[in-house]
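Reader: I'd like to go through this structure with you, piece by piece. Can we start with a helix and the strands around it?

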Amino acid sequence: MRTRYKPTASASRVPRNRRELTEEEKQELVLSLADNVQRLQALYSNCSDVIVRRFAIGGVTDAALVYIDGLIDTDKADRYIVTPLMDADGPKELNLIRLAEQRISVSDMKAVATIGDCISAISNGQPVLLRDQEASGLAFGLPSWEKRAIEEPEAESTIRGPREGFTETLRVNTSMLRRIIKSPLMKLEKIVIGEYTQTNVVLVYIEGLADTALLQEARTRLEGIRIDGILESGYIEEMIEDNPRSPFPQLLNTERPDVVCAALLEGRIAILTEGTPHALIAPISLFSLLQSPEDYYQRFWPSTLIRWLRYIFAFISLVLPSFYVAVTSYHQEMVPGALLSSMATSREPVPFPALFEALLMEVTFEALREAGVRLPKQVGAAVSIVGALVVGQAAVQAGLVSAPMVIVVAITGIASFMLPRYIAGIAIRMLRFPLIFLGGTLGLLGIMMGIILIVLHLCRLQSFGMPYLQSITTMQRSDIKDIVMRAPWWALDIRPQLNSKPQTKREAPNQMPDNQ
Amino acid sequence: MMKKNEMITPMQLAFILYPTVMATGFLALPSLAASYAPYDFWMIGLVVLGTGILSVAAATSLHARFPRMTVVECSERILGKALGKIIGMLYFLNLVHVTGVVSREYAEFVKNNFLIKTPMMLVIVLMLLLVSNAVRGGVSVIAKSALIFTTCFVFPLIFLLLLLPDLEWGNVLPFMSHGIVPVLKASAVPQSWVSELFLINFFLPYVSDSKAGMKWGYIALSAVSVSMVLINLIVLLVLGLDTSNKAYPILVAFRYISIGGFFENLEALLLVMWVAGNFVKLTVFLYATVTAFSQCFGVTDFRTVVLPIAVLASVFSIWDLPNFSVMQQLLVKVGTFETPLFMNVIPLLLLLVAWLTGRKSADDGGVGG
């Protein structure tokens, strides 16, 4: 555990994590318009996208509108800011705010007093209006930039369930959450991270459901991040994990607003980052990684059975190759006679020991998969054909690998695709290789040792202070019934136990429909 | 770790205790017992209840009299500093010895049945490394991992039900043909295993609710008793008089399983059981050893001494134990007396002295024994 996460250390820390403001940025605006504009232009020197539009309010008072081309809706700016002001003919002594209240029909408006305020407004797509003889300006919310449309999340597709996924635009994402959870108790706290990118990061939670200690911890960790830029939530994830060296993810990333809302309703917190469709959810347990959102949308029987299938295949994808290596190398007596002879026949021409064969095939398979992800979609088919032919058929016929090994690798591959969370699959894929080594050197004993080591690691692991195996090691009935099975909704009446906050009811009593 | 005051739930206690007795017991005990009472050894599961109750009662009443203290700490309270330290030292020596012998038992089985060419020391050292890793994680890691591995340990026992068609019910007869005495003789060794339930004493200080802890202690005892009866019965019904000739009758029973000509050779399951169970057992023993040592010598952070003590235990695992049969002899001739001495006799004497002198925990005198 790194000391910087200890709650005691947080009190002494600087609460905000904005970069230190430079001398220019701290300066207040002055009365002279020329001075203000000149200082802004100096800061934005060589920035061809920054536009300073000078005009005269009512044909008398000098004013300037400063904005970044492409970030604002210039049409609206012309129509609702520049035109009405130029046409204004009211008394000259009205201050800027009064003038705007009378003339400007833009709903989002706020005053700016320093150069730094101006810059943060301008770079967020808010044109700043400055007037001569006025030591403050106004920023208008007219942001408009090209954004991707809401699409179906590709990495987390479901058969039943909402089909919209987050986009790269933070406001669109928060609006999707707000459309689902309308209660004002859902809070969205803004934190700015990144010295240069000044990325907006939003901490989402439902007041009263989320543990206050957890929230405080999340704020402390987020505000502790000092970095030049945040391009993806992955940056944040790695900076705030409990155990940064663990192969297991301690935050869940998702593209689905419904998954985030489900987590919020359970008292978890979510972290949304500007510029990425991936939200982070914390705290999570091992089983969060094995649950698909669809589990909760289908009826409970299929969900329960599929969950079991998933557990079995998660285990298979972890141990099957190493088990095969161990059995063929050390424990042949465990294989039933008929199977053993057919295995031995196909292994006979293979020149490599099983350990090497397994590693070769697994590495090839991982390479094929990675190639399939990186290649343009049109070429993907070619890769899979070549992969199937080369790795499958030809290698077996050439006697380089045995057919059972190909089958084992294929089943392992399919098993790892079954995991609903990509990141969970990665953890298991990585751990498979050391297990193959252990299986090839110490047989079944080695695999057991490896599994014990993994379990011990999981026993220690925490996600935002919540034990990773919490739900099974405490054996709470309310948690178990969402793990061993997916209990029907009318029975899932208690929120899961997270951290130390007492559990709360999420349903009125007796929700089970009457058996007609 | 984050929290100083780690807590475990009372139920986890049962999951810790069950393999502490059964991990080696289910494999070694049937043949040891069968040599004394070839027809009636299945009853030992019931006879050992007495020792078990004595152990759990001694552990919990010591803890009730001296809350939040282990036997090592309260022996100092009861007998004074010098004598108490000696008792603590003896506990340490006994526990490190038993840890060594248990890891030897574990390694013997693995070496003789699964990894015949692998050096014994490697098997022992790898296991003790894992165990030290768990112990360094503290009580909560021990408890959590015990929960998972005890489940792994119990689950394969279900497969013994596949033997139902092969059971030869006539094997239980003649029933008690030589009276109760052979059964009592046969249970001399198992009761030393069961007395190890006293190790609950080392975990009670971390149990949130010690009343419930006691309850789960007894539940663990009944589970041990029931599974001993069942396992011994199955072994007897499958192997009959042959039981005492086998080093590991359960292994033979598992090899016996054959369903549909394909579902057979399930020894792999036995290995899983064996490793998982012994992992928990060794974790418990090593933890108790380390606790005894650090409390006796006032070590502030027990984590620092885990690895050295594990090394010491690995020495005890080979010292003076040239082969399997010598180890069996040690278990029968020495273990039968050594373990109950520390797990039953000394705690009961301590309780007696405490009761006579009326000594209680200084900081919390309200709780009586």
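Reader: At what angle does helix α6 of chain A run to β2(A)?

Author: This is a predicted model, where local features need pLDDT of at least 70, side-chain atom pairs count only at pLDDT 80 or more, and totals for chains, interfaces and linings use all residues. Residues are numbered from 1 along each chain as its sequence is written, with chains lettered from A and ligands numbered from 1 in written order. Helix α6 (residues 115-123) lies across β2 (61-68), β3, β4 (128-131) and β5 of chain A; helices (H or I, at least four residues) and strands (E, at least two) are DSSP runs, numbered from the N terminus. Axes are lines fitted to C-alpha atoms, for helices over the stretch in contact (C-beta atoms, placed from the backbone, within 7 Å), and with angles running from 0 to 180 degrees between N-to-C directions, α6(A) runs to β2(A) at about 55°.

Reader: Which strands stand at the edges of the sheet in chain A?

Author: The open sheet has 5 strands, ordered β1-β2-β4-β5-β3 in chain A, with antiparallel pairing (a pair needs at least two DSSP bridges). Each edge strand has a single partner, so one side is left without a neighbour in the sheet. Those strands are β1 (50-57) and β3 (109-112) of chain A.

Reader: Which residue stands opposite Met109(A)?

Author: Look at β3(A) and β5 (residues 137-140) of chain A, which run antiparallel and are joined by 4 bridges. Opposite Met109(A), in β5(A), stands Phe140(A).

Definitions and conventions:
Contact = placed C-beta atoms within 7 Å.
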